[in-house]
Amino acid sequence: MTTFSQIQAIIAADLRVDPASIQPRSSLVQDLGADSLALTELVIKFERLFKVSIPDEALRDLQRVEDVVRYIDERGLQAAAR
Amino acid sequence: MKAGAGHRVVVTGIGLITPVGIGTEVTWRSLLEGRGGIAPIRRFDTAGLLTRFAGEIKDWDADAFVEPRKRREMSRVIELAIGASVLAWQDAKLGTLSPGVADRAGCVLGISMGGMDALETAFTELSVHGALSPYTLLMAATSLASSQVAIRLGLRGLNYTANSACASGAHAIGESARAIQHGTATLMVAGGSEAWVNRVCIAAFNAVKALSVNNDAPESASRPWDVDRAGFVMGEGAGVLVLEERTHALQRGATIYCEVLGFGVSNDAFHVTQPTQDGPERAMRMAIDDAQIEPSAVRYVNAHATSTALGDINEVRAIRSVFGTHADAVPVSASKSMIGHLGGAAGAVEAAVTALSIRDGRLHPTANLVQPGKGCDLDFVMGAARTQDVPVALSNSFGFGGTNTSLVFSKMDATL
């Protein structure tokens, strides 16, 4: 699984949206309807799956799904496919 | 309600979600037919628990009442509260309120144990991950139920959670009626919700030996006043009334179930689990006095009667003391015999049952009451429902900590 498809699955389950509506360019807040609580919840799920730390300062730059994918890929920590 | 001699309060909507049905009429029909909803627990593994049965809600579909993505921030007790509130709101034929009314519309819900199931999950999550979801707080905090209802129905006035253990739902209704009487509110969504059928709550109530452990015969384990009663049976659910200032209800052409005539409260100030006779007596006397009626005007009592050895006989004695010779002429029944004990929701569901008894002139039987125990000698409705005009009725709710409430309801403009 690619980082994108894993993130897509998490967002779809968490925000209860159709996976097909989640595209790299989708904005978490504007397009997918995440509020501040939902963003915090998503970050926790990304952190636990990908074993990365996403500090609050980093969160400001993670506006779109592709931003999250890049952030995680840059840290070179693909989720263990287990 | 004489104190302050303010506005009169009427019931214009009822919403019930109980172990015998989702909806008011389905629940009421089941109670009248003497059909109970106690069974082995299906929703989670009960291995190791002393009590492995309860009154669970069957076929509950929270998605019918709550937007799926919002369910992440809710525990079961909140979902049930929203469900019953929406049903009551629809029953009262209320839609979007005008801003002026919305500012004087509120919500008070009685909840005792609240989101214990969310805390159960949280402790595990914290020990594994060292951090919690932001939704933990919103699911576990008891006060969020009335807030979530306010968001959905646009109730911009008085809003809080009442917790007086198993009297919570009755407290919520009584204090909401007071708020209307005194002019704080014009319209109140008032009731209770409880989702305490979970491992932590069952183990905790088993520890104080309050629950029946008759796992071999769950359907007959809740048997108020019966010689074989041996502890209460947990049930889950929610009951909500729409209370309205009388003139407001009449002007909009609302269907009125009954009037809230009196409210009485007391505390035993004695012991946390052991009841006194004096506390319940004082609550009933205060409610009757508040209603400005004689005890002999009361024609039906929906008792607290949980099916415990001590509590049941104690209430019988208190009723005898308050009603004197009239006690033999007052039919009494126990809703808990069929739905179990709904904790913080019990008083609200039973207030609703009392309102329906007044509306229909029908008294539901006490299921499983076969042979009344020693000293349990009131006119219990048993075997089958009774048909009888009910101009005035009283509903009792008592709780751990020695907290007691009584509510008096009457037919609209009954000659008393």
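These legends accompany views of chain B in a predicted model.

**Figure 1. Overall fold of chain B in the predicted model.**
Chain B contains 13 helices and 16 strands. Its radius of gyration is 20 Å, close to the 22 Å that the globule rule gives for 416 residues, so chain B is as compact as a globular protein of that length. Taken along the principal axes, the box filled by the C-alpha atoms of chain B is roughly 65 × 55 × 40 Å.

**Figure 2. Burial and contacts within chain B.**
Of the 416 residues in chain B, 62% are buried. Contacts between residues at least 6 apart in sequence were also sorted by separation: 79% of these join residues at least 24 apart.

**Figure 3. Surface and charge of chain B.**
The exposed area of chain B is about 14800 Å², and 53% of that area comes from carbon and sulfur atoms. The charged side chains number 35 positive and 40 negative. The centre of the positive set and the centre of the negative set lie 1 Å apart.

**Figure 4. The interface between chain B and chain A.**
On the chain B side, 13 residues are in contact with 14 residues of chain A. The two chains bury about 1100 Å² between them, with carbon and sulfur atoms giving 48% of this area. In chain B, the residues that lose the most area to chain A are R69(B), R72(B) and P134(B). Together, these residues account for 52% of what the chain B side buries.

**Figure 5. Surroundings of S85(B) in helix 2 of chain B.**
Helix 2 spans residues 76-91 and includes S85(B). The relative accessibility of S85(B) is 1%, so this residue counts as buried, the cut-off being under 20%. Leaving aside neighbours within four places in sequence, S85(B) is in contact with V149(B), L153(B), V189(B) and V240(B).

**Figure 6. The loop of chain B that holds D216(B).**
D216(B) is in the loop between helix 8 (199-207) and strand 8 (237-245). With a relative accessible area of 77%, D216(B) is exposed, since that class begins over 50%. P40(B) is 176 residues from D216(B) in sequence, yet the C-alpha atoms of D216(B) and P40(B) are 9.3 Å apart in space.

Terms used:
Residues are numbered from 1 along each chain as its sequence is written. Chains are lettered from A and ligands numbered from 1 in the order in which they are written. This is a predicted model: local features need pLDDT of at least 70, side-chain atom pairs count only at pLDDT 80 or more; totals for chains, interfaces and linings use all residues. Side-chain values use heavy atoms; hydrogens and water are left out. Helices (H or I, at least four residues) and strands (E, at least two) are DSSP runs, numbered from the N terminus. The radius of gyration is taken over C-alpha atoms; the globule rule is 2.2 Å times the number of residues to the power 0.38. Buried means under 20% relative accessible area, exposed over 50%, partly exposed in between (1.4 Å probe, protein chains only). Contact means heavy atoms within 4.5 Å. Accessible areas come from the Shrake-Rupley method with a 1.4 Å probe; for residues, only the protein chains shown count as cover. Lys and Arg count as positive and Asp and Glu as negative; His and the chain ends are not counted. The place of a charge is taken as NZ of Lys, CZ of Arg, CG of Asp or CD of Glu. Buried area is the accessible area (1.4 Å probe) that two parts lose on being put together, summed over both.
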